[in-house]
Amino acid sequence: MSDNKNDFRYAVGPSKVPWYAVGEFYNGMDVKSFVKFLLPDTADKPGYGEAFAKVCEALDGLAAVSGKASKLTMGDQVNAAEQAAKETFGSKYALLTSCWTMGMEIAYKLSGLKAGDEVIMPAITFIATMAYPLHIGAKVVFADVDPETLNLDPADVARKITPKTKMIVPVHLGGYPVDMDPIMDLAKKHGIYVMEDCAHGMGGKYKGKYLGTIGHFGGFSLHEVKNITSLGEGGILLTDLDDAGKQLSLARFLGLDATRQIKDWLYDIVSLRDRFGNIQIANNCSITELQALGLQLQMKRLDEIIAIRRKAAEYTNAVLAEEDGILVEKQDTAETFGTHHLYLLRIDPKKIGGDIHQLEAKLKEKGLTNITHFGPMYRFQVMKDLGYDENAIAATCPNTERMFYTSYTHLPIYNLSQDQIEYQAKAIVEAVRELKAGK
Ligand SMILES: *Cc1c(COP(=O)(O)O)cnc(C)c1O
């Protein structure tokens, strides 16, 4: 059983008639369906039917002698995955959540963010980064990006700090580390908190420290499109702050506190205290045992995954560097170690005689996919509905405008064969040459 008393749920101890029997178990038939789901018949290879029949036979034998998994959420696997995260990243506290959006919600709450406060984040990120601030009526202030990495530009952050600024949220876009020192200096000078959105950055480092452990809070998305996943959805929140860290499991599950009880009942329900001592109310973003197990399995492969990605990015850089007008992706320096979640392709439109959209059309003709991460956030309808003036904001983010509309996109760099990686790089060079020749 979990030794974390705040996550006890209905595990009320050993007895002849256990309470946990009120939930339904999984059986051998169900497990066969799980196996088929995770290892489907889609490889176009013969023999799936026979191989699966053998598995079913073995599973019938196993089901006849096995017990049943009775703790499906918030148990030993979640504890073990959190322990692994603490050890791997060197963080004092770690919390698994149902997704990173919810991990960020907890960090925002414990940082005391409230309506009317300002949060600075890059103009290029995913809506998840600002979901909670928008929800509570805090104001999102968009920092312009560095044209080389598309990460937020610390100099523009400095320009946009006001007395209302309460947080800075750098996003390590595509897995390339943000220049964190100037951000942390600004935060210290102004007494504001930093939360790192490392949705793309698990395993990356800045000056020897893991991304997610430099700011006051940080964490990772485990959604299926990120570098590793916990069966499709999940998040990890990290912090070294004791006041916040000790409240993480209360913040994850509605403030239920089994270390204290009201009269004649199993637990008490408490509020959270934010950085300023104000009350915050917890939500529910629990994660299942199976997801936590899935995470531990993939976390063991993290270094290997990054190494494969790095090799593909280096190869792509080497091929693209030969062609004038293509700006290759910034590689690691002595201070940075990126995760290569996405390959950042940039061009100089003047040199190649066409912008990124013309290049994208050519890449599509050659059978390549590319997805620019992400559209400038101030352009979306939700922001207009909230009264954000897109053109006024755009005027303060010239690099975001220029880069997004003319100069960059992202390519896949993982789960590709060597042939596909080579084809992709050569097709890009070919497409650029065609544009130069006016074809
Ligand atoms: C995916 C992503 C998130 C959200 O993560 P979820 O786990 O899906 O909630 C946040 N920020 C960025 C930059 C992302 O790409």
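This briefing describes selected strands, helices and backbone features of the structure above. The model is a predicted one, and its features are taken up here in three groups. Among them are a right-handed β-α-β unit made by β2, helix α5 and β3, an open sheet of 3 strands in the order β14-β16-β17, and a cis peptide bond from His373 to Phe374.

**The β-α-β unit**

- Strand β2, which covers residues 118-122, pairs with β3 in the parallel sense over 5 bridges, and within this pairing Val141 of β3 is the bridge partner of Ile120.
- Helix α5, residues 131-136, joins β2 and β3 in making the β-α-β unit, which is right-handed.
- Strand β3, residues 139-143, is mostly covered, since 4 of its 5 residues are buried.

**The open sheet and the helices α13 and α17**

- The strands of the open sheet follow the order β14-β16-β17, and their pairing is antiparallel. Because β14 (326-327) and β17 (408-411) each have a single partner strand, they stand at the edges, and one side of each is left without a neighbour in the sheet.
- Between β14 and strand β16 (residues 343-347) the antiparallel pairing runs over 2 bridges, and Ile347 in β16 is the bridge partner of Ile326.
- Helix α13, residues 356-365, packs on this sheet, where it touches β16 and β17, and the direction of α13 makes about 120 degrees with that of β16.
- Helix α13 also packs with helix α17 (residues 418-436), at an angle of about 125 degrees and with the two axes 9 Å apart; the two helices are therefore oblique to each other.
- The crossing in which α13 passes α17 is right-handed. On the α13 side the contact is made by Gln358, Leu359, Lys362 and Leu363, while α17 contributes Ala427, Ile428, Ala431, Val432, Glu434 and Leu435.

**Backbone features in loops**

- The peptide bond from His373 to Phe374 is cis, with omega near -5 degrees, and Phe374 has its place in the loop between α13 and α14 (381-385).
- Met74, a residue other than glycine, has a positive phi near 50 degrees and sits in the loop between α2 (48-65) and α3 (76-89). Met74 counts as buried because its relative accessibility is 2%, where the cut-off for buried is under 20%.
- Leu254 likewise is not a glycine and has a positive phi, of about 60 degrees; its place is in the loop between α9 (248-252) and β10 (256-257). With a relative accessible area of 36%, Leu254 is partly exposed.

Conventions. Residues are numbered from 1 along each chain as its sequence is written. This is a predicted model: local features need pLDDT of at least 70, side-chain atom pairs count only at pLDDT 80 or more; totals for chains, interfaces and linings use all residues. Side-chain values use heavy atoms; hydrogens and water are left out. Buried means under 20% relative accessible area, exposed over 50%, partly exposed in between (1.4 Å probe, protein chains only). Two strands pair if DSSP finds at least two bridges between them. A crossover is right-handed if, with the strands pointing away from the viewer, the path from the first strand over the helix to the second runs clockwise. Contact means heavy atoms within 4.5 Å. Axes are lines fitted to C-alpha atoms, for helices over the stretch in contact, and angles run from 0 to 180 degrees between N-to-C directions. Angles under 35 degrees count as roughly parallel, over 145 as roughly antiparallel, 65 to 115 as roughly perpendicular and the rest as oblique. A crossing is left-handed if the near helix is turned anticlockwise from the far one by less than a right angle, and right-handed if clockwise.
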